Amino acid sequence: YLYRFYVIRDGQEIVLQDYSTKNSYNWGPITLADYYMCVDAKDANGLVTTDMKFIKIAAKANTGIDVSSWQTNINWSNVKQDGISFAMLRVVEGANINTMKTDTQYNYNVKNASINNIPVGVYRYGYGVTVAEAQKEALAVVNSIKNGGYRIQYPVAYDVEGDAQGALTKSKLTEIIKAFKTV
């Protein structure tokens, strides 16, 4: 027998392997869609038999939460039971660049999210309006993550939206964001 593997997506046939003696094919979808996974088997007389399976590749909804000291003591077991699949934790608090500190709930949140198998990322609500201030904020974030002792699976984000940063030009804000990312 010779085997031909292909998928049909949105009415289009995509050949994965043309006729060959190889009788298996490992395939993974590139995009979310409905697929028909097909194999044609051709015998020595040229008779082709087709087997077709319908496969639906759907997006799994990821629902996350953003938390900080404002939410006080979160029951992370309940968060998990509610279907939350990730959390973004504020890691550093303080509008004054010189007195920033680890968010008072960060260590509690990262520990208890981890215990409940909820992957986390972190963010800093930015206040820096100079390259040096953004770098100082980033260093505070890095130190707080290290001191927390838990693995961060999601991104480190720099939240730029406040009055001071909002008043900056696009090019200046871009410069500050790039500075934060380089630490």
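Student: What pattern does the chain follow, read along the sequence?
Tutor: This is a predicted model, where local features need pLDDT of at least 70 and side-chain atom pairs count only at pLDDT 80 or more, while totals for chains, interfaces and linings use all residues. Residues are numbered from 1 along each chain as its sequence is written, and side-chain values use heavy atoms, with hydrogens and water left out. The chain has 5 helices and 9 strands, taken as DSSP runs (H or I of at least four residues for helices, E of at least two for strands) and numbered from the N terminus. Read along the sequence, they go β-β-β-β-β-α-β-β-α-β-α-β-α-α.

Student: Which strand has the lowest confidence, and at what mean?
Tutor: Confidence here is pLDDT, the predictor's own score for each residue, from 0 to 100. The chain averages 90, with 95% of its residues at 70 or more. Strand β7 (residues 101-102) marks the high end at 97. The low end is strand β4 (residues 48-57), at a mean of 80.

Student: What radius of gyration does the chain have, set against a compact globule of 183 residues?
Tutor: The radius is taken over C-alpha atoms, and the globule rule is 2.2 Å times the number of residues to the power 0.38. Along its principal axes, the C-alpha trace spans about 80 × 40 × 25 Å. A compact globule of 183 residues would come out near 16 Å, but the chain has 25 Å.

Student: How many of the chain's 183 residues, as a percentage, count as buried?
Tutor: Buried means under 20% relative accessible area, exposed means over 50%, and partly exposed is in between (1.4 Å probe, protein chains only). By that cut-off, the buried share of the 183 residues is 34%.

Student: Which residues of helix α2 are buried, and what covers them?
Tutor: Helix α2 runs over residues 106-115, and its buried residues are Tyr-106, Asn-109, Val-110, Asn-112 and Ala-113. Cover is judged by contact, meaning heavy atoms within 4.5 Å. What covers these residues includes β5 (64-67), α1 (76-81), β6 (86-93), β7, β8 (120-125) and α3 (131-148).

Student: Is Gln-105 buried or exposed?
Tutor: Gln-105 is in the loop between β7 and α2. Leaving out residues up to four places away in sequence, Gln-105 touches Ser-68, Ser-69, Thr-72 and Asn-73. Its relative accessibility is 13%, so Gln-105 counts as buried.

Student: What is the phi of Thr-72, one of those partners?
Tutor: Thr-72 is in the loop between β5 and α1. Although Thr-72 is not a glycine, its phi is positive, at about 50°.

Student: Which residue with a positive phi follows α2, and why does it count as exposed?
Tutor: The residue is in the loop between α2 and β8. Its phi is near 55°, a positive value in a residue other than glycine. It counts as exposed because its relative accessibility is 60%, and its name is Asn-117.

Student: Which residues does Asp-18 touch, not counting residues up to four places away in sequence?
Tutor: Asp-18 is in strand β2 (residues 12-20). Its C-alpha atom and that of Phe-5 are separated by 6.6 Å, with the two residues 13 apart along the chain. The residues that Asp-18 touches are Tyr-3 and Arg-4.

Student: Among contacts between residues at least 6 apart in sequence, what percentage join residues at least 24 apart?
Tutor: The tally starts from pairs at least 6 apart in sequence. Of those contacts, the share joining residues at least 24 apart is 55%.
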